[in-house]
Amino acid sequence: MNGKYNQSLLWRKLNETMNKVFASESGYNSTRLVNVRCGSVVVDLALKFSSTVTESMVLSLLRDAAKNGMLGDFNVSASSVVGTRPVTERTTPAPTVTPTSSSGSKFPLYFG
């Protein structure tokens with residue numbers, strides 16, 4: 001892409017593709033574009049669910065979609081699909097209780 005791409009078109013295609021991949025998942029709500037980096041084009045997405053999901057389930061769906069050519073125009077190696085937690089700086093001490101995901105909560109998942 002030589003550092004030049006139409007980010008609006010890229011995002012539209014990514015969003016349509018993720019909607020198709022997760023069409024059968026009743027808890028899937030939306031995808032948010034977090035970051036795009038040029039080169040091989042690395043995309044970070046946050047997937048929002050209205051019900052509790054596991055990271056391994058989401059990664060499995062995405063990897064299967066990559067393996068089976070279900071990502072439309074995107075040529076993605078299944079091994080490049082990884083999940084990471086967003087990095088945030090804390091201005092207050094970390095909580096002593098680990099929060100858990102519950103129905104209706106947002107489960108951010110980034111892959112690149």
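A polar contact is taken here as a pair of N or O atoms within 3.5 Å, where, within protein, one atom must be able to donate a hydrogen and the other to accept it. A contact of this kind appears in the predicted model described here, where the side chain of threonine 31 meets the side chain of tyrosine 28 at 2.5 Å. That pair offers a friendly way into the structure, and the surroundings of threonine 31 are taken up again below, once the overall layout is in place.

The secondary structure of the protein comes to two helices and two strands, arranged along the sequence in the pattern α-β-β-α. Of its 112 residues, 27% count as buried. Among contacts with a separation of 6 or more, 61% are accounted for by residues 24 or more positions apart. The accessible surface comes to about 7,300 Å², and carbon and sulfur atoms make up 50% of that area.

Helix H1 comes with a simple check on its length. Its 15 residues should span 21 Å at 1.5 Å a residue, and the end C-alpha atoms are indeed 21 Å apart. Leu10, Leu14, Thr17, Met18 and Val21 are the residues to look for inside, being buried in H1. They lie on the same side of the helix, because the arc they cover around the axis is only 100 degrees. An α-helix has 3.6 residues a turn, so residues three or four places apart point the same way. The face of H1 turned away from this buried side carries the exposed residues Ser8 and Lys20. The packing partners of the buried residues of H1 are E1, E2 and H2.

Helix H2, covering residues 55–67, can be read in a similar manner. Its 13 residues reach 18 Å from first C-alpha to last, close to the 18 Å expected. Val58, Leu59, Leu62, Ala65 and Ala66 are buried in H2. These residues cover an arc of only 125 degrees around the axis, which means that they sit on the same side of H2. Ser56 and Lys67, on the other side of H2, are exposed. Helix H1 (7–21) and strand E2 (42–49) are what the buried residues of H2 pack against. Just after H2, glycine 69 adopts a positive phi of about 65 degrees.

The largest nonpolar core has 20 residues, and those touching the most other members are Met18, Val21, Phe22, Leu47, Phe49, Val58 and Leu62. At least two residues of this core come from each of H1, E1, E2 and H2. The largest share, five residues, is supplied by H2.

With the core in view, threonine 31 can be placed more fully. It lies in strand E1, which runs over residues 28–37. Its relative accessible area is 7%, and because buried means under 20%, threonine 31 is buried. Leaving aside residues up to four places away in sequence, threonine 31 touches Trp11, Asn15, Met18, Leu45, Ala46 and Leu47. Two of these neighbours, Met18 and Leu47, are also among the core residues that touch the most other members.

A last stop is serine 51, found in the loop between E2 and H2. At 24% relative accessibility, serine 51 counts as partly exposed. Asparagine 29 is 22 residues away from serine 51 along the chain, and the C-alpha atoms of the two are separated by 9.3 Å.

Note on methods
Residues numbered from 1 in each chain as written. Predicted model: local features only at pLDDT ≥ 70, side-chain atom pairs only at ≥ 80, totals over all residues. Heavy atoms only, no water. Helix = DSSP H or I, 4+ residues; strand = E, 2+ residues; numbered from the N terminus. Expected span 1.5 Å × (residues − 1). Buried < 20%, exposed > 50% of the residue type's maximum accessible area, 1.4 Å probe, protein only. Arc of directions from axis to C-beta. Contact = heavy atoms within 4.5 Å. Areas by Shrake-Rupley, 256 points an atom, 1.4 Å probe, with all protein chains shown as cover. Core = buried A, V, L, I, M, F, W, Y, C linked by side-chain atoms within 4.5 Å.
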